[in-house]
Amino acid sequence: MSEREPMATGEAVAAGGAQALPGGEVAMPTGAVARRLGVSPTTVRSWERRYGIGPTHREPGHHRRWSPQDIAVLEAMCRLTARGVPPGEAARAALLARGADARPAAAVPSTALLPAPVPSAVGSAGGPEARPGEPGGSRQLALGAVRPECRGLTRAAVRLDAPRVADILQQAVDSLGILEAWTGVMLPALRAAGRKWAADGEQYVEVEHLLSWHVSTVLRAAAVRPTALRPVPPALLAAAPAEEHTLPLEAVAAGLTERGLPFRMLGAAVPPRALLETVQRIGPAAVLLWSQGPRTADRALALRVAAAGWGPRGSHGRAAVLAAGPGWRRAEHPAGVAAPRSLAGALDLLEELMTR
């Protein structure tokens, strides 16, 4: 989709089905908006139902009419999902940017802890587009230049071949290690599934859900496998209080186990009081606090964790805090809190903090 500016009023008037709104604005029906964006009306309706991206002006008994501001939000949603941002996070970023001076396209992808997305290009150097009759058929996901394991993984996911998905993921972890398996195999496949879901409405949600579940399963298994751990204080891994996404945290946990480093995983949506009490109870060397979107980043909480101490008076210890994920905007990043920008960087920093 071209990154044009939001539709001007004159252009909207010329479009079929346009309707004047109070204040001189012109609104368009869903079908006309979908044609402008290059997506299906089903996709637009799915985004409205799932993520609250809907028209601001509604009249009972009338069809939905989208104002220029509503269309600008949809255009931002399309830009972000085309760059690999998961639909839920793209929707939050687009809605937050409504009426703001900052451009929605400047939002950091939700996988900012990890390398940049692999370019999406069917028929690129990474391999030809799947033909009908081949595994995955014409439903094959567009990947670009990726590892063969990733291409096989996406084909199995599209076929909903769960045993094969599990087998490929396990082989990738065993042969490549957690870091390369995550960044070179799992992540590109997850992004491709997310892009396809965003572009085709609900058609590919089953693929994305099946793939995510198996990725989580293999990462958790790797994180708890019997390992000789080094005698050092643990790392504490937690998502911000309103954050439900945990796959990147699970990748960090698996990477720590691979390095023989202990951790405590609290998972999604950890309340501030529970997080602070855990810090005081276990005395971690470091706390990694994950936030996937600006809505869930809690700068004040990060500073409270950094200031929390434990132990007897006169010998208090404090944990280093790592604010990981794209929810932590660089311009608003808490002072004295580390900000790893890649999985490798997060693991290296945690290892240094835990073993010094």
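**Exercise 1. Classify A269 and describe its backbone.**

Solution. At 23% relative accessibility, A269 counts as partly exposed, because that class begins where buried, under 20%, ends and stops where exposed, over 50%, begins. The model is a predicted one. Next, place the residue: A269 sits in the loop that links strand 5 to helix 11 (272-282). Then read the backbone angle: phi of A269 is near 45°, which is positive in a residue other than glycine. Most residues other than glycine have a negative phi.

**Exercise 2. Find where L160 lies, and state its phi and its exposure class.**

Solution. Step one is location: L160 belongs to the loop between helix 6 (148-158) and helix 7 (162-176). Step two is the angle: L160 is not a glycine, yet its phi is positive, about 60°. Step three is exposure: with a relative accessible area of 41%, L160 is partly exposed.

Continue to E206, which is placed in helix 9 (residues 205-223). The C-alpha atoms of E206 and L160 are 8.1 Å apart, while the two residues are separated by 46 residues in sequence. E206 also counts as partly exposed, at 29% relative accessibility.

**Exercise 3. Work out the order of the strands in the open sheet of four, and identify the edges.**

Solution. Start with the order, which is 5-4-6-9, with parallel pairing. The ends of that order are strand 5 (263-267) and strand 9 (320-324); each has a single partner strand, so one side of each lacks a neighbour in the sheet. Neighbouring strands here are turned by 15° against each other on average, direction ignored.

Now take the pairs around strand 4. Five bridges connect strand 4 (residues 235-239) with strand 6 (residues 286-290), and the two run parallel. Within this pair, A235 stands opposite A286, and L236 has V287 as its bridge partner. On the other pairing, four bridges join strand 4 to strand 5, again parallel. There L237 stands opposite M265. To get from strand 4 to strand 5, the chain passes through helix 10 (residues 247-258), and this β-α-β crossover is right-handed.

**Exercise 4. Which residues of strand 4 are buried on one side, and which on the other?**

Solution. First recall the general pattern: in a regular strand the side chains alternate between the two faces of the sheet. Then assign the residues: A235, L237 and A239 are on one side, L236 and A238 are on the other, and all are buried. Both faces of strand 4 are therefore covered. The count agrees, since five of its five residues are buried.

Finally, look for an element lying across the strands. Helix 13 (residues 343-355) lies across strand 4, strand 6 and strand 9, and runs at about 170° to strand 9.

**Exercise 5. Is Q292 buried or exposed, and which side chain does it contact?**

Solution. Q292 is found in the loop between strand 6 and helix 12 (299-307). Its relative accessible area is 6%, so Q292 is buried. For the contact, take the side chains: those of Q292 and H245 are joined by a polar contact of 3.5 Å.

**Exercise 6. How many residues of helix 5 are buried, and which are they?**

Solution. Helix 5 covers residues 87-96, and seven of its 10 residues are buried, so the helix is largely enclosed by the rest of the structure. The buried residues are P87, G88, E89, A90, A91, A93 and A94.

**Exercise 7. Summarise the whole chain by its secondary structure, burial, contacts and surface.**

Solution. Begin with the elements: the chain has 13 helices and nine strands. For burial, 50% of the 356 residues count as buried. For contacts, consider those between residues at least 6 apart in sequence; 69% of them join residues at least 24 apart. Last, the surface: the accessible area comes to about 16200 Å², and 54% of it belongs to carbon and sulfur atoms.

Note on methods
Residues are numbered from 1 along each chain as its sequence is written. This is a predicted model: local features need pLDDT of at least 70, side-chain atom pairs count only at pLDDT 80 or more; totals for chains, interfaces and linings use all residues. Side-chain values use heavy atoms; hydrogens and water are left out. Two strands pair if DSSP finds at least two bridges between them. Axes are lines fitted to C-alpha atoms, for helices over the stretch in contact, and angles run from 0 to 180 degrees between N-to-C directions. Contact means heavy atoms within 4.5 Å. Buried means under 20% relative accessible area, exposed over 50%, partly exposed in between (1.4 Å probe, protein chains only). A polar contact is a pair of N or O atoms within 3.5 Å; within protein, one must be able to donate a hydrogen and the other to accept it, and residues adjacent in sequence count only if both atoms are side-chain atoms. A crossover is right-handed if, with the strands pointing away from the viewer, the path from the first strand over the helix to the second runs clockwise. Accessible areas come from the Shrake-Rupley method with a 1.4 Å probe; for residues, only the protein chains shown count as cover.
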